[in-house]
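Let's walk through this structure together, one contact at a time. Have the viewer open and pick out side chains as we go.

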Amino acid sequence: MVGGDAASAVEELVSGVRQATDFAEQFRSYSESEKQWKARMEFILRHLPDYRDPPDGGGCLDQLLSLSMVWANHLFLGCSYNKDLLDKVMEMADGIEVEDLPQFTTRKALLRLLILPACRKEAVGMKVVF
């Protein structure tokens, strides 16, 4: 029966997704909001097959979890990291959509907004003597 085979395949697929989700749930941080966790879990599940630990250990899963935290911290907390690392996690996260992300202003941008205009005002009235 073709219908029975299709139903069995769907049931097997759903079961696999549930198992992967249950596996990933153990890595949720108590401080993560539902929105943050949902995004980070998608990141983890997307790359889990490539980062499975070999039988002798190796820490591949730890590396994936670290990369997921770098991505989440950058996105949700505004943390900055080495350009190469940030490029890597942003490439890994390509296609993961997260709505209503917070907007952050960097220290450099704040300095530009606050200090430079004041310096320009002072410089207007100055005379340069050579």
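How many residues apart in helix H4 are Asp87 and Lys83, and about what part of the helix separates them? They are four residues apart, and so about one helical turn lies between them. Keep in mind throughout that this is a predicted model. In this model the two side chains form a salt bridge, with the closest N and O atoms 2.7 Å apart. As for their surroundings, Asp87 is partly exposed because its relative accessibility is 38%, a value between the 20% and 50% cut-offs. Lys83 is exposed, with a relative accessible area of 59%.

With that contact in view, let's step back to the overall fold. The chain has five helices and zero strands. Read from the N terminus, the order of elements is α-α-α-α-α. The chain counts 130 residues, and 23% of them are classed as buried.

Back to the charged contacts. The count of salt bridges comes to three, and the bridge between Asp87 and Lys83 has already been introduced. Another joins the side chains of Arg28 and Glu34, at 3.2 Å from N to O. Here Arg28 is partly exposed, at 28% relative accessibility, whereas Glu34 is exposed, with a relative accessible area of 54%. There is also a salt bridge between the side chains of Arg40 and Glu32, with an N to O distance of 2.6 Å. Are Arg40 and Glu32 buried or exposed? Both of these residues are buried. If you are colouring charged side chains by accessibility, this pair is a good place to pause.

Now for the aromatic rings. The structure holds one aromatic pair. Phe43 and Trp71 make up this pair, with ring centres 5.3 Å apart and an angle of 20° between the planes. Why is the pair called stacked? The angle of 20° is the reason, because planes under 30 degrees apart count as stacked. The pair links distant parts of the chain, since Phe43 sits in helix H2 (residues 34-47) and Trp71 in helix H3 (residues 60-77), 28 residues apart. Phe43 is buried, and Trp71 is buried too.

Helix H2 offers a few more places to look. Arg46 is found in this helix, and Arg46 is partly exposed, with a relative accessible area of 32%. Follow the chain from Arg46 to Ile96 and you cover 50 residues in sequence, yet the two C-alpha atoms are 9.5 Å apart in space. A second pair of this kind is Thr21 and Ile44: 23 residues apart in sequence, and 9.8 Å apart in space, C-alpha to C-alpha. Thr21 belongs to helix H1 (residues 2-25), and at 24% relative accessibility Thr21 counts as partly exposed.

Next, turn to the surface and its charge. Which residues gather in a patch of negative charge there? They are Glu42, Glu97, Glu99 and Asp100. Asp100 deserves a second look, and its place is in the loop between helix H4 (83-92) and helix H5 (107-124). Asp100 is exposed, because its relative accessible area of 67% is over the 50% cut-off. The backbone of Asp100 is worth checking as well: its phi is near 55°, a positive value in a residue other than glycine. For context, most residues other than glycine have a negative phi.

The last stop is a surface patch of another kind. Leu110, Leu111, Leu113, Leu114 and Ile115 form a nonpolar patch on the surface, and together they have about 480 Å² of accessible area. One of these residues, Leu114, is found in helix H5. Is Leu114 buried or exposed? Leu114 counts as exposed, since its relative accessibility is 61%.

To retrace the route in your viewer, begin at the salt bridge between Asp87 and Lys83, move on to the stacked rings of Phe43 and Trp71, and then visit the patch of negative charge that includes Asp100. Finish at the nonpolar patch that includes Leu114.

Technical notes:
Residues are numbered from 1 along each chain as its sequence is written. This is a predicted model: local features need pLDDT of at least 70, side-chain atom pairs count only at pLDDT 80 or more; totals for chains, interfaces and linings use all residues. Side-chain values use heavy atoms; hydrogens and water are left out. Rings of Phe, Tyr and Trp (its six-membered ring) pair if their centres lie within 6.5 Å; planes under 30 degrees apart count as stacked, over 60 as edge-to-face and the rest as tilted. Helices (H or I, at least four residues) and strands (E, at least two) are DSSP runs, numbered from the N terminus. Buried means under 20% relative accessible area, exposed over 50%, partly exposed in between (1.4 Å probe, protein chains only). Patches are made of residues with over 30% relative accessible area and no salt bridge: like charges are joined within 9 Å, nonpolar side chains (Val, Leu, Ile, Met, Phe, Trp, Tyr) within 5 Å. Accessible areas come from the Shrake-Rupley method with a 1.4 Å probe; for residues, only the protein chains shown count as cover. A salt bridge is a side-chain nitrogen of Lys or Arg within 4 Å of a carboxyl oxygen of Asp or Glu. Lys and Arg count as positive and Asp and Glu as negative; His and the chain ends are not counted. The place of a charge is taken as NZ of Lys, CZ of Arg, CG of Asp or CD of Glu.
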